[in-house]
Amino acid sequence: MVTLKGVMTPPPPGPTVPRGSLDAFFGLSAHGSNVPQEVRAGITTFLTMSYILFVNPQVLSSAINVPNAFVQLLMATAVAAAIGSLAMGLVAKYPFAQAPGMGLNAFFAFTVVLGLEVPWQTALGAVFISGVLFVLLSVLGARHAIVRAIPLSLKFAITAGIGAFLAFLGLRSAGIVVNNDATLLGLGNLTAPSAWLAVLGLIVTAVLMARRVTGAILYGILLTTLVAVITRVPVYVGGAEGALQAFPGLTGRVLGIFDAPVWPADLVGQLDIAGALGLGLLSVVFTFFFVDFFDATGTLTGLAQKTGALDENGDMPRARRTFAMDGLAAMFGAFMGTSTTTAYIESASGIGEGGRTGLTAVTVGVLFLLSMFLWPLAAAIPAAATAPALILVGALMMEGVRHIDWDDISVSLPAFLTVIVMPLTFSIANGVSLGVIAYCAIRALSGRAREVSPILYVIAALLLARYVFLAAE
Ligand SMILES: Nc1ncnc2[nH]cnc12
């Protein structure tokens with residue numbers, strides 16, 4: 001059995017008397033934090049997730065046909081991320097930022113719109129309905145009951161799996177791990193600019209962290225960006241010259257870093273909820289809901305664990321509100337014209353930087369709003385500069401696996417599957433699913449059926465049914 005004894009992070013020492021209204025609202029000193037620390041954490045999280053401003057429009061514009069689709073989608077992404085992060089910071093008061101999720105956007109574009117030929121407006125309606133379901137389950141407490149039924153060993157494994165997934169995202173975005181037709185994955189060309197920049201950033205950031213420099217991750221990102229800009233290596237989308245034209249922020253013209261926001265008028269309010277309620281779309285709505293549910297459950301539990309916020313039972317304070325904010329963000333994002341907005345695992349980088357309260361998420365929200373003006377500057381941060389943060393945070397999130405009982409195969413195999421399946425299938429939801437199914441199956445068939453919560457059996461059966469159903473489609 002895994003216990004939380006000796007695992008919980010004790011509250012950091014520090015003053016506990018609120019020193020101002022910001023302090024009182026967010027509980028800064030109670031969490032051993034302060035305004036500069038939270039703002040620094042917010043900037044770090046924003047920088048590690050700012051890629052979504054460009055990647056989400058890239059993915060969605062293949063399915064959403066409106067004039068000037070890329071820029072309109074960029075604005076919709078920025079507003080959805082801003083409102084989602086502000087809501088999380090102000091209502092749930094956790095340092096968790098939100099944005100349109102990877103994976104969910106690809107499912108939206110390639111499977112639902114291009115594959116099933118569902119109009120994009122109807123697909124947005126399906127995202128909205130899945131958000132409503134999510135909020136209802138959260139507020140009614142059903143989601144909480146499900147999370148409570150998940151054993152602690154799997155919760156640690158979920159955090160570690162997300163860490164592995166994050167590291168994989170970083171290694172992949174830097175071109176250190178690449179596609180290989182024979183082996184699926186292989187080592188990239190380490191002398192390519194993106195790869196060597198990321199390796200440089202990784203070493204510099206790790207050394208700064210080893211020397212306990214506060215702000216190590218943020219300095220690592222900024223330093224790597226500076227090297228990229230000074231050396232003008234082709235690490236931006238479209239190569240060096242393409243990047244200089246596409247992102248005027250790189251040309252050195254001070255005014256070039258600003259650009260006027262464009263209101264995404266062709267996207268806002270275009271969702272077709274009535275169309276999505278049709279019976280034929282039930283499985284699409286269910287899939288959006290299911291993936292978001294387990295994605296968010298994994299992400300939020302992992303992040304809460306990382307902030308040291310879980311109580312002695314492994315439960316998260318203010319869970320209903322927190323999850324409701326995730327569902328609400330999905331609803332609002334669909335209204336803006338983007339696929340499911342959800343809590344971001346990249347928030348772990350800001351937490352690693354000391355972010356403990358909602359002020360971190362509020363900072364991220366404000367930066368997303370500013371990025372509607374400053375998006376050319378945000379574009380100056382190459383993926384190679386944020387990759388080291390993802391890899392390092394991934395390493396930090398592995399820490400919990402030491403509390404898993406590796407001598408008990410009924411605990412270790414499900415935990416191991418949870419960890420390994422997330423990066424290998426590019427999905428948090430798949431990792432959680434296979435872990436839960438394996439846990440129930442092994443316990444039930446090895447004479448320990450009663451040690452598992454009945455709720456977990458029901459979930460495992462539903463998850464299994466979903467895989468069978470998917471395979472039959
Ligand atoms: N779907 C997702 N869930 C959590 N964090 C993410 N970061 C990028 N995509 C994500």
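**Reading a predicted ligand site and its surroundings**

Visitor: What distance separates a nitrogen atom of the ligand from a polar backbone atom of Met 102?

Guide: In this predicted model, the two atoms are 2.9 Å apart. A pair of N or O atoms is read as a polar contact when the atoms lie within 3.5 Å.

Visitor: Which side chains place a polar atom beside a nitrogen atom of the ligand?

Guide: Asp 295 has a polar side-chain atom 2.7 Å from a ligand nitrogen. Glu 346 offers a side-chain N or O atom at 2.8 Å from a nitrogen of the ligand.

Visitor: How much of the ligand does the protein bury?

Guide: The ligand taken alone exposes 260 Å², and the protein buries 97% of that area.

Visitor: Which residues surround the ligand, and how do they divide by class?

Guide: The surrounding residues include Tyr 51, Gly 101, Met 102, Asp 295, Thr 299, Tyr 344, Glu 346 and Ile 428. Ala 343 and Ile 345 also belong to this group. By class, the shell has six nonpolar, two polar and two charged residues.

Visitor: How are strands β2 and β3 arranged?

Guide: Strand β2, residues 177-180, and strand β3, residues 184-187, run antiparallel and are joined by four bridges. They form a hairpin, with three residues between the strands. Within the pair, Val 178 stands opposite Gly 186, while Asn 179 faces Leu 185.

Visitor: What confidence does the predictor give to the protein chain and its elements?

Guide: Confidence is given residue by residue as pLDDT, from 0 to 100. The protein chain has a mean pLDDT of 86, and 89% of its residues reach 70 or more. Among its elements, strand β1 (residues 98-100) has the highest mean, 97, and helix α11 (residues 239-246) the lowest, 43. Over residues 237-255 the pLDDT is below 50, and beyond near neighbours in sequence this stretch has 25 contacts in the model. Residues 1-11 are also below 50, with 20 such contacts.

Visitor: How should coordinates be read where pLDDT is low?

Guide: Predicted coordinates should not be read in detail where pLDDT is low.

Visitor: What scores does the model as a whole receive?

Guide: The model scores ipTM 0.99 and pTM 0.77.

Definitions and conventions. Residues are numbered from 1 along each chain as its sequence is written. This is a predicted model: local features need pLDDT of at least 70, side-chain atom pairs count only at pLDDT 80 or more; totals for chains, interfaces and linings use all residues. Side-chain values use heavy atoms; hydrogens and water are left out. A residue is near a molecule or strand if one of its heavy atoms lies within 4 Å of it. A polar contact is a pair of N or O atoms within 3.5 Å; within protein, one must be able to donate a hydrogen and the other to accept it, and residues adjacent in sequence count only if both atoms are side-chain atoms. Accessible areas come from the Shrake-Rupley method with a 1.4 Å probe; for residues, only the protein chains shown count as cover. Ala, Val, Leu, Ile, Met, Phe, Trp, Tyr, Cys and Pro count as nonpolar, Asp, Glu, Lys and Arg as charged, and the others, Gly among them, as polar. Helices (H or I, at least four residues) and strands (E, at least two) are DSSP runs, numbered from the N terminus. Contact means heavy atoms within 4.5 Å. Two strands pair if DSSP finds at least two bridges between them.
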